[in-house]
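Here's a walk through one chain, written for someone who likes cut-offs spelled out. Have the viewer open while you read.

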Amino acid sequence: MARKVVCKICRAIGDTDTFYKVTNKNGKNAYFCNKEEYDAREKEKKDRYELLKYVAEEALQYDDGQIVPPSMVRRIEKLHSFYKYSVIKETFQQNKENIHYWMGVKDFNNEYGMSSYIMTIIESNINDVFKKWKMQRDQQIKMQHRKVDVISINQIEDENPTVTKSNNRDITMFLDEEDL
Ligand SMILES: [Zn+2]
């Protein structure tokens with residue numbers, strides 16, 4: 001029997017029959033509206049990890065295990081309220097040389113000062129990256145729509161011969177009956 005459950009991401013209420021179930025390694029079940037919603041969140045989690053790893057290892061050139069300064073993580077999260085983690089990461093990648101240059105010439109008093117400086121570089125460049133990302137995304141959406149259009153045309157062409165064939169059969173049967 002279906003049981004009422006709550007989506008772990010958006011808190012929508014559904015039931016065990018229709019919701020997407022994920023069982024963790026301790027055997028505990030979690031429910032989500034659908035697989036797409038769950039997959040999107042998993043991707044965000046993965047992208048966040050990749051971004052912070054990149055910032056620590058490539059941008060800040062930290063040693064293994066050294067953490068990204070909390071003030072920097074906070075500014076990244078603030079950016080993430082609008083931008084995807086992948087867009088933020090791309091901005092770090094494109095400004096890596098720039099960041100290294102300023103880290104070399106500027107004498108920062110502390111990590112907070114350094115984080116602020118780097119995040120200002122990121123914030124002033126992210127819209128250029130975002131613009132390109134958005135253009136690519138819109139292009140993809142358009143291509144997907146075009147694919148769907150082609151599929152529906154093929155379906156119409158496939159359906160028509162079937163309709164004609166069954167009509168012919170019906171007429172033949174009718175004529176046979178009259179002959180009798
Ligand atoms: Zn949901």
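## Around F32

Leaving out residues up to four places away in sequence, F32 touches C7, K8, I9, F19, Y20, V22, E37 and Y38, where a contact means two C-beta atoms, placed from the backbone, within 7 Å of each other. Before going further: this is a predicted model, in which local features need pLDDT of at least 70 and side-chain atom pairs count only at pLDDT 80 or more, while totals for chains, interfaces and linings use all residues. Residues are numbered from 1 along each chain as its sequence is written.

F32 sits in strand β4. Because F32 has 23 C-beta neighbours inside 10 Å, it counts as buried; the cut-offs are 20 or more other C-beta atoms within 10 Å for buried, 12 or fewer for exposed, and partly exposed in between, again with C-beta atoms placed from the backbone. One of the residues F32 touches is I9: the two C-alpha atoms are separated by 6.8 Å, though F32 and I9 are 23 residues apart along the chain.

## The hairpin and the overall layout

Strand β3 (residues 20-23) pairs with β4 (residues 29-32) in the antiparallel sense, over 4 bridges. Pairing here takes at least two DSSP bridges between the strands. Among the bridge partners, V22 goes with A30 of β4, and T23 goes with N29 of β4. The two strands make a hairpin with 5 residues between them, and G27 in the turn has a positive phi of about 85°.

Zooming out, the chain has 5 helices and 4 strands, in the order β-β-β-β-α-α-α-α-α from the N terminus. These elements are DSSP runs numbered from the N terminus: H or I with at least four residues for helices, E with at least two for strands. Of the 180 residues in the chain, 15% are buried. Taking contacts with a separation of 6 or more, 49% are between residues 24 or more positions apart.

## Helix α1 and the core

How far apart are the end C-alpha atoms of α1? They are 34 Å apart, which agrees with the 36 Å that its 25 residues should span at 1.5 Å a residue; the expected span is 1.5 Å times one less than the number of residues. Y38, L51, V55 and A59 are buried in α1, and the buried residues of this helix pack against β3, β4, α3 and α4 (96-105).

Two of those names, V55 and A59, come back in the largest nonpolar core, which has 17 residues; V55, A59, V87, I88, F92 and I126 have the most contacts inside it. At least two core residues come from each of α1 (35-59), α2 (70-80), α3 (85-94) and α5 (111-179). A nonpolar core, by the way, is a set of buried Ala, Val, Leu, Ile, Met, Phe, Trp, Tyr and Cys residues joined through C-beta atoms within 7 Å. Take V87: leaving aside neighbours within four places in sequence, V87 is in contact with I126, V129, F130 and W133.

## Loops with a positive phi

Two residues have a positive phi without being glycines, as tabulated here.

| Residue | Phi | Loop | Other C-beta atoms within 10 Å |
|---|---|---|---|
| R11 | about 65° | between β1 (4-6) and β2 (13-15) | 8, exposed |
| Q61 | about 50° | between α1 and α2 | 12, exposed |

Q61 takes its positive phi just after α1. Y62 is also placed in the loop between α1 and α2. Is Y62 buried or partly exposed? With 14 C-beta neighbours inside 10 Å, Y62 counts as partly exposed. Not counting residues up to four places away in sequence, Y62 touches A56 and E57.

## How far to trust it

The mean pLDDT of the chain is 88, and 86% of its residues reach 70 or more; pLDDT is the predictor's confidence in each residue, from 0 to 100. Among the elements, α3 has the highest mean pLDDT (97) and α5 the lowest (77). Over residues 163-168 the pLDDT is below 50, and this stretch has 0 contacts in the model beyond near neighbours in sequence. Where pLDDT is low, predicted coordinates should not be read in detail.
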